[in-house]
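Subject: Handing over a structure

Dear colleague,

I am passing a structure on to you, and my notes on what was found in it follow directly below. Please read them with the model open beside you.

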Amino acid sequence: MNNTTKGVDRMNLIAIIILLPLVLFSVSAGIIMHTAPLLHSLIERHSRDPLNAHATLDYYYSYIASDTQELPTIEGMSDAELQHLRDVKNVWHGGLALTTLWTGLWTVLLARAWRRRKLASALEWGGLLTVTLMIASAIVPFNALWNTFHTITFPQGNWVFAYNAKIITLFPPEFFEAVVLRVALLTLFLGLVTYGISHLVRRAEKHPTTAHAQNV
């Protein structure tokens, strides 16, 4: 194996390790955000107007799935609140496109790592990085994470509302904190699962039937 090949393998390994937390977090967010019973149970626990919050959530998901760029129609919300919800829809679709992109890239890199018998190391270190990031994020106050996320994704600044605003009454910060916590916990779990899978993959890579892959 020449130095160029070794360099490519190293970069491939690093890319998989870095992308894995993004892929697992995206998968976790998708699962949590599309688990209606969980979201509705969190509404019951945290919303100051659960009845309207349930109906608004169901309506908003249909709004996100639509192609319209019109403002959503939610009684009692100001134009600023409705504009923010439209911005959230655009961020949602942008995030979905990015997730598709880096998941596809990650899959291609995984296939190459498997052929080069480097997949076990990539999954092992990627799983450890995921677990480390999720544990580290628990140290940072939720408000700091939430504000940073919104500052990056909503640079126009239209995401701060009064305590008595309709959007806050329906979905207070405690609701989103509970959602993010569950996404982080699921990501942590998937990181641990990935770490465990890496040891099974290592055995497969050492199995005689995969020895031919070394020269691919």
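Throughout these notes, two residues are said to touch, or to be in contact, when they have heavy atoms within 4.5 Å of each other. What you have is a predicted model, in which local features need pLDDT of at least 70 and side-chain atom pairs count only at pLDDT 80 or more, while totals for chains, interfaces and linings use all residues. Residues are numbered from 1 along each chain as its sequence is written, and side-chain values use heavy atoms, with hydrogens and water left out.

The overall picture

The protein chain has 8 helices and 0 strands, where helices (H or I, at least four residues) and strands (E, at least two) are DSSP runs numbered from the N terminus. Along its principal axes, the C-alpha trace of the chain spans about 65 × 30 × 30 Å. Of the 216 residues, 35% are buried, a word that stands for under 20% relative accessible area, with exposed meaning over 50% and partly exposed in between (1.4 Å probe, protein chains only). If one takes the contacts between residues at least 6 apart in sequence, 78% of them join residues at least 24 apart.

Helix 3 and helix 4

Helix 3 covers residues 50-65 and helix 4 covers residues 79-115, and the two pack at an angle of about 55 degrees with their axes 10 Å apart; axes here are lines fitted to C-alpha atoms, for helices over the stretch in contact, and angles run from 0 to 180 degrees between N-to-C directions. The two helices are therefore oblique to each other, since angles under 35 degrees count as roughly parallel, over 145 as roughly antiparallel, 65 to 115 as roughly perpendicular and the rest as oblique. Their crossing is right-handed, which is to say that the near helix is turned clockwise from the far one by less than a right angle, an anticlockwise turn being left-handed. On the side of helix 3 the contact involves Y60, Y61, Y63 and I64, and these meet L85, R86, V88, K89, W92 and H93 in helix 4. By class, this contact has 7 nonpolar, 1 polar and 2 charged residues, with Ala, Val, Leu, Ile, Met, Phe, Trp, Tyr, Cys and Pro counted as nonpolar, Asp, Glu, Lys and Arg as charged, and the others, Gly among them, as polar.

The buried residues of helix 3 are A53, H54, T56, L57, Y60, Y63 and I64, and they pack against helix 2, helix 4 and helix 7 (166-170).

Helix 2 and helix 8

Helix 2 (residues 36-46) and helix 8 (residues 173-206) have axes that come within 9 Å and cross at roughly 145 degrees, again in a right-handed crossing. Helix 2 contributes L38, L39, L42, I43, R45 and H46 to the contact, and helix 8 contributes E174, F175, A178, V179 and R182. L38 touches I32 and R182, if residues up to four places away in sequence are not counted, and the C-alpha atoms of L38 and R182, which are 144 residues apart along the chain, are separated by 9.8 Å.

Two buried residues

In helix 8 there is also S198, which is buried, with a relative accessible area of 0%. Leaving aside residues up to four places away in sequence, S198 touches A120, L123 and E124.

N12 has its place in helix 1 (residues 3-33) and counts as buried at 7% relative accessibility. With the same sequence neighbours, up to four places away, left out, N12 touches L109, R112 and A113.

With best wishes
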